[in-house]
Amino acid sequence: MAGAVQAGMWGLVAGSALLVGAVAGYGLRIPQKVIATVMAFGAGVLLSAVSFELVGEAYEQAGLMPAAVGTLAGALAYTGGNMWLAGRGARHRKRSGHDRKQAQPSEAQQSGSGLALAFGALLDGVPESAVIGVSLLDGGAVSLVTVAAVFISNVPEGLSSSAGMKKAGRGKAYVFGVWGAIAAAGTLSAVLGYSVVGGFSPAVIAAVTAVAAGAILAMVADTMIPEAFQEAHLAIGLVTVSGFLVSFALSHT
């Protein structure tokens, strides 16, 4: 029971960054280049965490096959869900709305897009939170690197997406309601990651970790990097590498 509570608390800490980003994105007029730069940094942080904390851990626990199969399964599941949501108005859910061709649609432009955006945010956030709970299974202590990586990356996700929601005409109740619900779902996901997955064999735990890694990696490539590249241009590589190295340093301290 104590482990589940701990998992939930860390999941809530990481998920709260979405609300921090949402408040900043909705309430402040942040230059597009700043949003893109922060998004690039967050993408680098997640790429490092996926490599060293998730896929690397899955490989050490169960070998190449479960790690590879799980990673591919996670990427396939995320891509399938993302394709389904894209047709319902959530394709550009991480976009801040700077480019009108890639802006989030309003409800008047596409009925049901608001609900699709909420499901899209859930699709993006659940794998990240679940691995926080799973990380507690290894020695009884949460992976602070994973928590830090999810927290750091959640700030630009909430920032950019909420700015896009505002430009699409969605009000405070919708924006903060969505991110509050996602933070709560992240808390529950972390608890389930600890409670449910903990009863399985090491090979299954490794595969589940890899599934989350594949989903996160697909999310970074499909939603975070495109928004960052939109404005950061030549600086995108340097900023992303900086985020990668910060996460790498945390995982080796």
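This note goes through the predicted model point by point, from confidence to surface patches to single residues.

1. Confidence. The structure is a predicted model, and the protein averages a pLDDT of 83, with 92% of the residues scoring at least 70. Among its elements, helix 8 (residues 236–251) has the highest confidence, at a mean of 89, whereas helix 4 (residues 113–135) has the lowest, at 80.

2. The positive patch. On the surface, a patch of positive charge brings together Arg-29, Lys-166, Lys-167 and Lys-172. Of these residues, Arg-29 sits in the loop that runs between helix 1 (2–27) and helix 2 (32–62). Arg-29 has a relative accessible area of 87%, and it therefore counts as exposed, the cut-off for that class being over 50%.

3. The nonpolar patch. A second surface patch is nonpolar and consists of Leu-188, Leu-192, Val-196, Phe-200 and Val-204, which together have about 430 Å² of accessible area. Leu-192, one of its members, belongs to helix 6 (residues 172–195). The relative accessibility of Leu-192 is 43%, so this residue is classed as partly exposed.

4. Ala-24 in helix 1. Ala-24 is part of helix 1, and with a relative accessible area of 19% it is classed as buried, because the limit for that class is under 20%. Between the C-alpha atoms of Ala-24 and Ser-189 there is a separation of 25 Å, the two residues being 165 residues apart along the chain.

5. Ser-48 in helix 2. Ser-48 is located in helix 2, and its relative accessibility of 1% is the reason why it counts as buried. Along the chain Ser-48 and Leu-245 are 197 residues apart, yet their C-alpha atoms are separated by 7.5 Å.

6. Leu-85 in helix 3. Helix 3 contains Leu-85, a residue that is buried, with a relative accessible area of 4%. Measured against sequence, Leu-85 and Leu-64 are 21 residues apart, while in space they are 32 Å apart from C-alpha to C-alpha.

7. Arg-91 after helix 3. The loop between helix 3 (64–90) and helix 4 holds Arg-91, and this residue, at 36% relative accessibility, counts as partly exposed. Arg-91 and Ser-113 lie 22 residues apart along the chain, with 9.7 Å between their C-alpha atoms.

8. Reading the two arginines together. Both Arg-29 and Arg-91 are placed in loops, the former between helix 1 and helix 2 and the latter between helix 3 and helix 4. Their classes should be kept apart in any discussion, since Arg-29 is exposed at 87%, while Arg-91 is partly exposed at 36%.

Definitions and conventions
Residues numbered from 1 in each chain as written. Predicted model: local features only at pLDDT ≥ 70, side-chain atom pairs only at ≥ 80, totals over all residues. Heavy atoms only, no water. Patch = residues over 30% accessible without salt bridge, like charges linked within 9 Å, V, L, I, M, F, W, Y side chains within 5 Å. Areas by Shrake-Rupley, 256 points an atom, 1.4 Å probe, with all protein chains shown as cover. Salt bridge = Lys/Arg side-chain N within 4 Å of Asp/Glu carboxyl O. Lys, Arg positive; Asp, Glu negative; His and termini not counted. Charge placed at Lys NZ, Arg CZ, Asp CG, Glu CD. Helix = DSSP H or I, 4+ residues; strand = E, 2+ residues; numbered from the N terminus. Buried < 20%, exposed > 50% of the residue type's maximum accessible area, 1.4 Å probe, protein only. pLDDT = per-residue confidence, 0-100.
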